[in-house]
Each structure stands twice: as C-alpha cells, then as structure tokens.
Amino acid sequence: MDRQSPQVLSTIAAPERRHAAGVVNRVSQLIGGTPLLELLRTRFGSRILLKLEQNNPTGSAKIRMARQMLDEAEQQGLLAPGGWVIESTSGNTGMGLALLAAERGYRFTAVVDHHAAKDKLRAMQAFGAELIYVNEDGGDSLATADREALAERIAAEQGAYWTEQHNNPANGNGYTYVAEELLDALGRDITHLIGAVGTGGSLFGTARALKSRLPLLRTIGIEPEGSIAFGGPGGPYYQSGTGTPPGAEIGALVDYELLDEGLKVSDRQAFNTARYVARKYALLVGGSGGGVLYQAIKRIETAPPGSTFVVLICDGGEKYLDTVFNDDWMNERDLIDASVGVELDGMLAQLTGQAAERA
C-alpha cells in the first residue's frame with residue numbers, strides 16, 4: 001500500500017482547532033489541547049509532567065492518529081465517501097476509528113481478540129463498529145499477528161481500506177500536534193520525553209517533531225517485559241496496547257535512531273504503579289501508563305538537576321476497572337505486589353527529601 005512519507009508534513013491539512021469561544025459542532029473538534037499535570041518536583045529542581053491524553057474524546061491519545069490516518073487516506077484518494085475501514089486493534093485505536101467513522105459516515109470493522117478491555121470493545125460497538133474476533137475460545141492471550149493477518153485478508157478480498165496502524169506514517173504524523181502543544185506550553189524546557197512503545201506512533205511521532213527544535217532532547221521508550229522491540233526473550237504479558245509480542249512484526253514507526261534509551265517494565269510494576277498513583281495522587285491511568293510512570297520515577301533520580309521529564313499518558317484507567325483495578329482479576333493472575341508501592345514510597349522520599357508515607 002502506498003504510504004506518505006512521515007517527513008512530509010507540509011502537505012497534510014492541519015486538523016480543525018476548537019472554536020475560539022469553546023463551542024464546537026463535531027466531537028472530533030474536541031481532540032487535542034490536553035492538559036499537563038506536574039506529578040512530582042524533586043529536591044534537585046527536576047520535575048515530572050504528565051501529558052494527560054485521556055482528556056481526548058474516547059479517553060486516549062490514539063484518536064489523534066486515527067483522525068490523521070483517515071484524513072490522509074481521504075486526501076490520497078484511498079477512502080471514498082461511505083467507504084469501509086478495517087483495523088486490527090487492542091481497543092484504543094479502534095475506539096478512535098469507530099467514533100470518526102460514525103461522524104464521517106464510514107462502515108468500520110475492528111479485528112480484535114479477548115485480550116482487549118471489555119469496555120473498549122463495548123465502546124466500539126456503541127459507535128456502530130462491527131467486531132471480528134480471532135480467538136473465539138475466549139482466552140485473553142494477545143493475538144496481534146493473527147489480527148493483522150485477518151484484517152489484511154479481509155481488506156484484500158472484500159475491498160475495505162486497512163488503516164494498518166503499525167506501518168502507516170500517518171500514525172506518527174498525527175502526534176506532531178502533541179509536540180506543538182508541548183512547545184507552546186513549555187518552550188525549550190523539555191529535556192526528556194518518555195512514553196510507551198507499541199506501534200511507535202505516539203512516542204516517535206512526538207519526538208521527531210520535538211527534536212527538530214530541541215536537538216538535545218532524550219527520548220526514552222518503555223515496553224513490557226515479554227515484548228521484543230528492544231531485544232531480549234519474548235513472552236506473554238497483560239499490558240494492553242503496548243509492546244510487540246513474539247510472532248508479531250515490529251512496526252515501521254519504531255524509530256531506533258530517535259530512541260536514546262529503551263527500558264522494560266513488568267506487568268506487576270506497571271499495574272501496581274497505576275494502582276498506587278490512583279490512591280496517592282487521585283489519578284486513574286491505564287496499565288501501560290503505570291509502567292511508564294514507574295520507569296520515569298526511577299530514571300529521574302539519575303538525570304541532571306533541573307531536568308523536565310514529559311511523560312505521555314496515553315489513556316486513563318477508567319477502561320481497566322475490570323482488570324488492573326480489580327483485585328479478583330489481579331489475584332487470579334498473581335499480579336498484586338505490595339513491594340512495588342513500598343519501592344515507590346522509598347524512591348519518592350529520596351527524590352523529594354520527605355519521609356516515606358504509604359498511600
């Protein structure tokens with residue numbers, strides 16, 4: 001499939017901005033303008049700022065790239081009015097495409113597996129999406145390669161447009177606007193950008209645009225233990241919407257030239273950090289967001305004083321109330337680990353110079 005180069009941004013129409021008075025006439029006009037939250041300021045003058053992408057419609061960053069993929073497909077004549085869109089998705093991309101398909105009058109089919117959070121699947125159906133499962137036995141294993149193969153086959157045989165998020169440059173292009181928002185808010189103060197790596201679009205799309213203005217910016221990618229993008233043995237993991245499981249192809253948007261550090265995080269570290277943040281900071285973040293925060297808190301200790309870490313929080317925790325924030329689900333998978341909270345207490349006490357206090 002002919003894709004537009006990720007560097008060619010000047011020919012891509014900028015998304016419509018919110019009306020000046022704050023009144024819009026389409027839900028997609030609410031995309032972007034997400035807030036920054038200072039989670040931590042250390043005694044060394046460093047800080048962790050969270051880019052809260054759950055404030056987008058559908059509660060995720062992925063709607064940015066979903067819109068960009070449709071915009072570019074329309075501009076390139078790959079998607080006609082009333083057309084049919086198909087994508088392999090673990091949930092958030094599918095939710096974004098489902099919302100936009102409903103708004104623009106497209107048919108949308110999501111190829112999914114039971115690994116996806118049930119609330120994401122229900123939300124896609126609420127927007128009118130058709131769901132096709134690749135593991136009808138109901139197991140919650142991640143089946144990325146099978147999903148993509150099925151989406152590709154349906155597109156080829158039945159004429160649907162496959163957005164192919166893992167290899168579509170429009171995915172990365174959609175996050176140019178995240179970089180613009182960060183530069184507008186922080187100027188040249190950003191020293192580190194840290195985020196989860198799944199398709200690679202959010203982290204590397206943002207990093208590419210930032211590094212053109214901030215050449216000393218350090219980009220830190222986080223993937224689950226068991227993911228293969230940063231090397232090491234592959235294996236199963238429960239973190240949703242992130243990583244590259246064994247057997248799946250590493251996406252073309254994972255740009256190693258932009259990556260300064262690639263770190264891994266276990267399901268226990270990720271999920272128990274998300275639960276800790278909910279109790280200590282009254283903030284619900286998704287499981288992958290918990291993993292990114294865990295590594296950001298660890299990594300900032302060795303950063304130069306006065307560093308500013310911008311952490312991309314790609315979705316909120318509301319979609320994971322049946323999983324990450326459900327004691328029964330966590331216990332069934334032996335994922336509850338109180339030592340993670342103790343470790344975080346100690347790290348935060350060291351960073352702030354205050355006595356540790358259990359949340």
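**Exercise 1. The largest pocket**

Which residues lie nearest the centre of the largest pocket, and how many residues line it?

Solution. This is a predicted model.
- Step 1. Start at the middle: His115, Ala116, Ala117, Ser240 and Tyr320 lie nearest the pocket's centre.
- Step 2. Count the full lining, which comes to 42 residues.
- Step 3. Sort the lining by class: 20 residues are polar, 13 are nonpolar and 9 are charged.
- Step 4. Find the helices involved. α3 (118–126), α7 (201–211) and α9 each supply at least two lining residues. The most comes from α3, with 4 residues.
- Step 5. Add the volume: the largest pocket holds about 580 Å³ of space.

**Exercise 2. Two nonpolar cores**

Find the residues with the most contacts inside the largest nonpolar core, then trace the elements that build it.

Solution.
- Step 1. The largest core has 51 residues. Phe108, Met124, Ile190, Leu193 and Leu210 have the most contacts inside it.
- Step 2. Several elements each give at least two residues to this core: the helices α1, α2 (92–104), α3, α6 (176–186) and α7, and the strands β4 (107–112) and β10 (308–313).
- Step 3. Zoom in on phenylalanine 108. Neighbours within four places in sequence are set aside. Its contacts then include Val85, Ile86, Leu97, Ala101 and Met124. Glu87 and Glu130 are also among them.
- Step 4. Look for another core. A second, separate one has 38 residues, including Ile48, Val292, Tyr320 and Val324.

**Exercise 3. Two positive phi angles**

Compare threonine 58 and alanine 282: is each one buried or exposed?

Solution.
- Step 1. Recall the background: most residues other than glycine have a negative phi.
- Step 2. Read the angles. Threonine 58 has a positive phi, near 70°. Alanine 282 also has a positive phi, near 55°.
- Step 3. Place them. Threonine 58 sits in the loop between β2 (47–52) and α1 (62–75). Alanine 282 sits in the loop between α8 (267–281) and α9 (287–300).
- Step 4. Apply the cut-offs: under 20% relative accessible area is buried, over 50% is exposed. Threonine 58 has 15%, so it is buried. Alanine 282 has 71%, so it is exposed.

**Exercise 4. Helix α9**

Check the span of α9 against the expected value, then say how many of its residues are buried.

Solution.
- Step 1. α9 has 14 residues.
- Step 2. From first C-alpha to last, α9 reaches 20 Å. That is close to the 20 Å expected at 1.5 Å a residue.
- Step 3. Burial comes next: 13 of the 14 residues of α9 are buried, so the helix is mostly covered.

**Exercise 5. Leucine 150 and glycine 83**

Locate leucine 150 and glycine 83, then list their contacts beyond four places in sequence.

Solution.
- Step 1. Leucine 150 lies in helix α4 (residues 144–158). Its relative accessible area is 13%, so leucine 150 is buried.
- Step 2. Leaving aside neighbours within four places, leucine 150 is in contact with Val111, Ile132 and Val134.
- Step 3. Take a distance. Leucine 150 and valine 324 are 174 residues apart in sequence and 29 Å apart, C-alpha to C-alpha.
- Step 4. Glycine 83 lies in the loop between α1 and β3 (84–88). With a relative accessible area of 14%, glycine 83 is buried.
- Step 5. With the same neighbours rule, glycine 83 is in contact with Tyr106 and Arg107.
- Step 6. Glycine 83 and glycine 59 are 24 residues apart along the chain, and 25 Å separates their C-alpha atoms.

Terms used: Residues are numbered from 1 along each chain as its sequence is written. This is a predicted model: local features need pLDDT of at least 70, side-chain atom pairs count only at pLDDT 80 or more; totals for chains, interfaces and linings use all residues. Side-chain values use heavy atoms; hydrogens and water are left out. Buried means under 20% relative accessible area, exposed over 50%, partly exposed in between (1.4 Å probe, protein chains only). On a 1 Å grid over the protein atoms alone, a cavity is a set of points where a 1.4 Å probe fits but cannot get out, and a pocket is an open set with protein on both sides within 12 Å along at least five of seven lines; lining residues have an atom within 4 Å of a point. Grid points are joined across faces, edges and corners, and a volume is the space filled by probe spheres set on the points. Ala, Val, Leu, Ile, Met, Phe, Trp, Tyr, Cys and Pro count as nonpolar, Asp, Glu, Lys and Arg as charged, and the others, Gly among them, as polar. A nonpolar core is a set of buried Ala, Val, Leu, Ile, Met, Phe, Trp, Tyr and Cys residues joined through side-chain atoms within 4.5 Å. Contact means heavy atoms within 4.5 Å. The expected span of a helix is 1.5 Å times one less than its number of residues.
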